[in-house]
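Got the viewer open? Let's take a walk through the model, one selection at a time.

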Amino acid sequence: MQTELCINELKYKMFLPFKDTDTIQRHIYMTKSPYELDLLQHMLAKLKDEKINEGGGDCA
């Protein structure tokens, strides 16, 4: 099953083959928005505010 999502002025399609049994896919299908949209928007705001380390860095 393919569904179209629209966030702000961005439109895109997602393939949700397990929307009837998968909780996350069902949420996306029912709300027509990304899963955990608030978290994604918060991350985007933080990434815009901070310089991103392009050198790899430590992931310990």
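How much area does the protein chain expose, and what share of it do carbon and sulfur atoms supply? The protein chain exposes about 5,400 Å², and carbon and sulfur atoms supply 54% of that. Keep in mind that this is a predicted model.

**The whole chain.** Color by secondary structure and you should find 2 helices and 2 strands. Starting from the N terminus, they come in the order β-β-α-α. Of the 60 residues, 15% count as buried. Among the contacts with a separation of 6 or more, 23% are between residues 24 or more positions apart.

**Confidence.** Now color by pLDDT. The chain averages 80, and 80% of the residues score at least 70. Confidence is highest in H1, at a mean of 93, and lowest in H2, at 80. Where pLDDT is low, don't read the predicted coordinates in detail.

**Strand E1.** Select residues 2-7, which make up E1, and pick out Thr-3. Is Thr-3 buried or exposed? Thr-3 counts as buried because its relative accessibility is 6%, below the 20% cut-off. Show what is around Thr-3: leaving aside neighbours within four places in sequence, it is in contact with Tyr-12, Lys-13, Met-14, Leu-16, Tyr-29 and Lys-32. With Lys-32 there is also a polar contact of 3.4 Å between the two side chains.

**Strand E2.** One of those partners, Tyr-12, takes you to E2, residues 10-15. Tyr-12 has a relative accessible area of 26%, so it is partly exposed. Not counting residues up to four places away in sequence, Tyr-12 touches Thr-3, Glu-4, Leu-5, Ile-7 and Pro-34.

**Helix H1.** Next, select residues 23-31 and zoom in on the start of the helix. There, a side-chain oxygen of Asp-22 reaches to within 3.1 Å of the backbone nitrogen of Ile-24. Then go to the other end: just after H1, Lys-32 has a positive phi of about 60°. You have met Lys-32 already, as the polar partner of Thr-3.

**Helix H2.** Last stop: select residues 37-49 and find Leu-39. At 42% relative accessibility, Leu-39 is partly exposed. Add Leu-40 and Met-43 to the selection and switch on the surface. What do these residues form with Leu-39? Together the three make a nonpolar surface patch with about 260 Å² of accessible area. An α-helix has 3.6 residues a turn, so residues three or four places apart point the same way.

Technical notes:
Residues numbered from 1 in each chain as written. Heavy atoms only, no water. Helix = DSSP H or I, 4+ residues; strand = E, 2+ residues; numbered from the N terminus. Buried < 20%, exposed > 50% of the residue type's maximum accessible area, 1.4 Å probe, protein only. Contact = heavy atoms within 4.5 Å. Areas by Shrake-Rupley, 256 points an atom, 1.4 Å probe, with all protein chains shown as cover. Polar contact = N/O pair within 3.5 Å; in protein donor to acceptor, adjacent residues only side chain to side chain. Patch = residues over 30% accessible without salt bridge, like charges linked within 9 Å, V, L, I, M, F, W, Y side chains within 5 Å. Salt bridge = Lys/Arg side-chain N within 4 Å of Asp/Glu carboxyl O. pLDDT = per-residue confidence, 0-100.
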